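Student: I would like to learn how to read a protein model, one feature at a time. Where should we begin?

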Amino acid sequence: MRALVLVLLVGIASHAAADTSKLRKEDVPLQNKAAFRGKNKLCCGYPLVDDQQWALRFYWLTLESDYTDSIGTNVPKGGACAIAPNRWSEIYTKDGFFFGRIPERLACNLKLEGSGLMSDGRVVNYTGSCPFGYGTCFEQLDIGDFPFGRGAGVRPLVPFKSVAVDPKVIPIGEPLYIPEFDGLVLPDGSIHDGCVRADDTGGGIKKRKMDFFVVTYGNFRFLLDELLGVTWITPHIQAPRCEYLRDL
């Protein structure tokens with residue numbers, strides 16, 4: 001067991017600064033790390049880092065219904081996707097089939113977040129760059145298998161349980177205990193048990209960084225208040241209480 005922990009720590013020995021790009025995009029200033037409310041951080045498994053040395057970010061499902069001519073409150077206001085609502089783009093599948101004509105701001109956020117729900121009920125996923133239309137290709141997912149989008153491989157994203165990680169540091173499918181999430185009040189009033197699973201990856205997620213899947217932008221804004229400024233976390237591996245998330 002100790003050997004496993006040492007192997008995982010080798011790739012993250014150097015301290016990595018938080019990636020503030022997503023927070024800046026949402027006009028939310030990155031705050032100093034703050035102590036969470038009365039949690040025992042030594043209760044479960046083995047910490048991968050010292051107390052609160054892992055950068056926390058968030059991602060969600062982009063909803064086409066939020067991107068009308070008058071951008072609503074559930075759409076990030078700043079960053080690279082701050083595009084005028086009257087600009088439109090055509091998107092395609094990787095095979096060159098026409099997918100739809102949508103606001104360019106929506107196309108940009110679909111690319112950024114990776115998955116989206118269209119107004120007609122289609123769930124779409126980013127598949128990479130392509131030479132058609134907007135220059136980014138998408139595919140339609142089976143809503144029965146992937147109601148909230150798809151992570152790494154064929155892994156469905158699970159609300160408030162899926163996290164995106166660097167697979168060179170944390171294996172895909174690995175359950176993790178996050179003490180900063182234990183006792184967190186979720187938007188529906190339920191209480192998080194601190195357990196998440198590595199279900200996804202991302203081009204900007206390297207070493208000590210983790211994206212937490214929170215389903216909607218509105219949920220992100222809610223959780224910012226609940227987390228009281230915590231932007232650094234302490235992932236634990238081999239936590240018995242989180243084994244229920246391990247793939248069978």
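Student: What area does the protein expose, and which atoms supply 55% of it?

Tutor: The protein exposes about 11,500 Å², with carbon and sulfur atoms supplying 55% of that area. Accessible areas come from the Shrake-Rupley method with a 1.4 Å probe, and for residues only the protein chains shown count as cover. This is a predicted model, in which local features need pLDDT of at least 70 and side-chain atom pairs count only at pLDDT 80 or more, while totals for chains, interfaces and linings use all residues. Residues are numbered from 1 along each chain as its sequence is written, and side-chain values use heavy atoms, with hydrogens and water left out.

Student: How many of the 248 residues, as a percentage, count as buried?

Tutor: Buried means under 20% relative accessible area, exposed over 50%, and partly exposed in between (1.4 Å probe, protein chains only). Of the 248 residues, 52% count as buried.

Student: How many helices and strands are there?

Tutor: Helices (H or I, at least four residues) and strands (E, at least two) are DSSP runs, numbered from the N terminus. The protein has four helices and 14 strands.

Student: Which residues of helix 4 are buried?

Tutor: Helix 4 covers residues 217–226, and its buried residues are Tyr-217, Asn-219, Phe-220, Leu-223, Leu-224 and Glu-226. Viewed down the helix axis, these fall within an arc of 165°, so they line one face of helix 4. The arc is taken from the directions from the helix axis to the C-beta atoms.

Student: Which residue just after helix 4 has a positive phi?

Tutor: Leu-228, with a phi of about 55°. On the other side, Val-215 sits in the loop between strand 12 (209–213) and helix 4. Val-215 is not a glycine, yet its phi is positive, near 75°. Val-215 is buried, at a relative accessible area of 12%.

Student: Is Gln-238 buried or exposed, or in between?

Tutor: Gln-238 is partly exposed, with a relative accessible area of 24%. Gln-238 lies in the segment after strand 14 (236–237) and has a positive phi of about 55°, though not a glycine.

Student: What lines the largest cavity?

Tutor: Rolling a probe the size of a water molecule over the atoms shows where empty space is left. On a 1 Å grid over the protein atoms alone, a cavity is a set of points where a 1.4 Å probe fits but cannot get out, and lining residues have an atom within 4 Å of a point. The lining of the largest cavity includes Trp-60, Asp-66, Thr-216 and Tyr-217.

Technical notes:
1 Å grid on protein atoms, 1.4 Å probe; cavity = no way out; pocket = protein on both sides within 12 Å on 5 of 7 lines; lining within 4 Å.
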